[in-house]
Amino acid sequence: MVRERFLIIRLSAIGDVLHCTPVARALRQFIPSAHISWVVGETAADILQDNPFIDEVVVWSREKWENHLRRGRLREALRMWQQLRTMLSARCYDVVLDVHGLFLSGMVAAASGAPRRIGLAGTRELNSLFMTETAPAVRPDAHVIDRYLSVLRPLGIESRDYAMTVSVPAADQAFAKRFLLDRGFTGGRPLIGVVPATSWPSKNWPPCHFADMLNDVGRKAAVVLCGGPSDQAIAGYILAQARVPVMNAVGQTNLLQLAGLLASCDVVVAGDTGSLHMAAALGVPTVSIFGPSRSYRVAPLGSLHSVLTAAGGCRECGKQQCRHGQAVCMSDVLPREVVAALEKVLPAGHRSLALGRRNINTAMRR
């Protein structure tokens, strides 16, 4: 029997790629014989490795290609594009599912040569010009996973399974265990993972709020600070203000090692960033702080997760930089609110953070 060949296109970012993984699961469940490929950029590629619903991950560095264009290296950009087109067309895909919805992803879909190309409704950048079919529109307030799953409906596939998928290789699990043991954590207390930075300045909870929260919960719990190399300045401020022990993993992990650490935690605290969605995909309870992002569209789903937003005021603007100078929608969520949320989502055996709680200073520090 000839296996029908599918190509999923979602090039970036980490959270969005994870939000798309239910598409691969549903496709595998409804068409078990399908051959499923996924083309993705370098930054997010590792989180698709070992995904049981994907046969092949095609890594194409969108990041490097765009850098070539910005620097005027047109020959190098053209070479990369031709390599991608050759690679995709040789695989003879039957159906492309464009779950990105950009002009670039539309170009990738067309370059595959697939006779059937299904895109999302309401896309920008003329993406629909490259599609042979468009998925039905979803409600404006629908979660982004609902929107991504809509590309399956022209295939007759309906799914309400929102569970995301990420696999942590044994080596990265071992790294996390060794990292924690080397810093004296052997269990017995809850382990709280803290991700203090996001990719947008407007989505960052103030570092002083993180410090106040850690100085409270760190008396009852172990804390591991997580993030990438670009987060080191924020982490340094928090560590300087910390009066409790904090294990610092910022800038010391690759993506799957970070996943291993997050999987080891009892709860993760973060803003709207890829690490938050990775923790949710791993089944780890989360407390998240949302401001400019639309939490109803992208926040983790289910009772394991607590989502905090400021009451009223300016929020959900979708802007990377706050037009008011500082993101009040983030700073108005107070440390005591995060601590209270932590108490609710921690596993039952660890709900002791409230004992002897001090008053938290919520004033902004310079």
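1. Before anything else, a word on exposure: buried means under 20% relative accessible area, exposed means over 50%, and partly exposed is in between, with a 1.4 Å probe and protein chains only. By that yardstick Cys-92, at 53% relative accessibility, counts as exposed. Cys-92 sits in the loop between α4 and β4 (95-98), where helices (H or I, at least four residues) and strands (E, at least two) are DSSP runs numbered from the N terminus.

2. Keep in mind that this is a predicted model, in which local features need pLDDT of at least 70 and side-chain atom pairs count only at pLDDT 80 or more, while totals for chains, interfaces and linings use all residues. Residues are numbered from 1 along each chain as its sequence is written, and side-chain values use heavy atoms, with hydrogens and water left out.

3. Some backbone oddities are worth a look. Most residues other than glycine have a negative phi, and most peptide bonds are trans. Cys-92 is not a glycine, yet has a positive phi of about 55 degrees. Asp-50 is not a glycine either, and has a positive phi of about 65 degrees. You'll find Asp-50 in the loop between α2 (42-45) and β3 (56-59), and with a relative accessible area of 52% it is exposed. The peptide bond from Ser-12 to Ala-13 is cis, with omega near -10 degrees; Ala-13 belongs to the loop between β1 (5-9) and α1.

4. Now for helix packing, starting with α3 (residues 62-70) and α4 (residues 74-89). Their axes come within 7 Å and cross at roughly 150 degrees. That makes α3 roughly antiparallel to α4. For the terms: axes are lines fitted to C-alpha atoms, for helices over the stretch in contact, and angles run from 0 to 180 degrees between N-to-C directions. Angles under 35 degrees count as roughly parallel, over 145 as roughly antiparallel, 65 to 115 as roughly perpendicular and the rest as oblique. On the α3 side the contact (heavy atoms within 4.5 Å) is made by Lys-64, Trp-65, His-68 and Leu-69, and on the α4 side by Leu-74, Glu-76, Ala-77, Met-80 and Trp-81. These residues divide into six nonpolar, one polar and two charged. Here Ala, Val, Leu, Ile, Met, Phe, Trp, Tyr, Cys and Pro count as nonpolar, Asp, Glu, Lys and Arg as charged, and the others, Gly among them, as polar.

5. Helix α4 also packs against α5: the two axes come within 8 Å and cross at roughly 50 degrees. That makes α4 oblique to α5. Trp-81, Leu-84, Arg-85, Leu-88 and Ser-89 of α4 make the contact with Leu-104, Met-107, Val-108 and Ala-111 of α5. The split for this contact is seven nonpolar, one polar and one charged.

6. Have a look at α1 (residues 14-30) and α11 (residues 274-281) as well. They pack at an angle of about 30 degrees, with their axes 7 Å apart, which makes α1 roughly parallel to α11. Ile-14, Gly-15, Leu-18 and His-19 in α1 meet Gly-274, His-277, Met-278 and Ala-281 in α11. That contact divides into four nonpolar, four polar and no charged residues.

7. On to the aromatics. A search of the whole structure finds six aromatic pairs. Rings of Phe, Tyr and Trp (its six-membered ring) pair if their centres lie within 6.5 Å; planes under 30 degrees apart count as stacked, over 60 as edge-to-face and the rest as tilted. The ring centres of Trp-60 and Trp-65 are 5.5 Å apart and the planes are at 50 degrees, so this pair is tilted. Trp-60 is buried at 4% relative accessible area, and Trp-65 is buried at 11%. Together with Trp-81, these two form one aromatic cluster.

8. Another pair, Phe-103 and Phe-130, is edge-to-face, at 5.0 Å centre to centre and 80 degrees between the planes. Phe-103 lies in helix α5 (residues 103-111) and Phe-130 in the loop between β5 (116-119) and β6 (133-134), so the pair ties together parts 27 residues apart in sequence. Phe-103 is partly exposed, at 34% relative accessible area, whereas Phe-130 counts as buried at 17%.

9. Finally, a charged residue to check: Asp-146, in helix α6 (residues 144-149). Its relative accessible area is 6%, so Asp-146 is buried. Leaving aside residues up to four places away in sequence, Asp-146 touches Val-138, Arg-153, Arg-160 and Tyr-162.
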